Amino acid sequence: MNLYKYILMFIFSMQVVNAGDLDKEKLHTTLITTAIHFDVFNQKCRGVSLAKKIAKVNRLFLSKYDFTVNNYIETYLSQDPRVAKSQLRKQMLNKIIETGGCKQLRQKRAGKKFKKDYRKYFKQVEQSSWIPKVTRTR
C-alpha cells in the first residue's frame, strides 16, 4: 500500500514539473517582451538611443544558458527574431499612440512601471532553475 502511495506521489510530482516548465517559458518570454517594450519607451519617450534592456537580457541568456535571445525567439516563439522584435516594437509604438503619446505615459509614470516589471522578471529569470532547450521541436 505504501509503495502505491509513493508511486502516485512520484507521478504527480513529474506532472507538476512539466506544468512548471510552461510557467518558466512564459516568464522568459515575458522578460523579453518587457525588455523590448521598455527599450522602445526609452527610445521614443526619453531619447535613449541604445536598446540597453534587451542587451542585458541577451548577456544573461548567454552567461546562463549559452545561447542568445534570438535563439530563444526562434525556438520558443517559432519566428524569425527580426520579425518578432519588429512586431513587439510596433505593439509598443501603438500603445504609446493609444495612450496619447509620451507626455501622457510620463504623467502616468509608465517608466517606473516598466522598470519595476523589468527588474522583477529579470530577477526571477536569473534565479530560475529552468533551462530552455534550443533544439526543442514544436
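This passage looks at one disulfide and one helix in a predicted model.

The disulfide comes first. Searching the whole structure turns up one such bond, and the partners are cysteine 45 and cysteine 102, with sulfur atoms 2.1 Å apart. That separation sits inside the cut-off, which asks for sulfur atoms within 2.5 Å. Cysteine 45 belongs to helix α1 (residues 2-46), while cysteine 102 belongs to helix α5 (residues 102-107), so the bond ties together parts of the structure that are 57 residues apart in sequence. As for handedness, the torsion about the S-S bond is about -70°, and the disulfide is therefore left-handed.

Both ends of the bond can be checked against the burial cut-off, which is under 20% relative accessible area. Cysteine 45 comes in at 9% relative accessibility, so it counts as buried. Cysteine 102 has a relative accessible area of 18% and is buried too.

Next up is helix α6. This helix runs over residues 110-127, 18 residues in total, and spans 26 Å from its first C-alpha to its last, close to the 26 Å expected at 1.5 Å a residue. Its buried residues are Ala110, Phe114, Asp117, Tyr118, Tyr121, Phe122 and Val125. These residues cover an arc of only 130° around the axis, so they end up on the same side of α6. Turn to the other side of α6, and the exposed residues there are Lys112, Lys116, Arg119 and Gln127. In short, α6 has one side carrying the buried set, Phe114 and Tyr118 among them, and another where residues including Lys116 and Arg119 are exposed.

Conventions. Residues numbered from 1 in each chain as written. Predicted model: local features only at pLDDT ≥ 70, side-chain atom pairs only at ≥ 80, totals over all residues. Heavy atoms only, no water. Helix = DSSP H or I, 4+ residues; strand = E, 2+ residues; numbered from the N terminus. Expected span 1.5 Å × (residues − 1). Buried < 20%, exposed > 50% of the residue type's maximum accessible area, 1.4 Å probe, protein only. Arc of directions from axis to C-beta.
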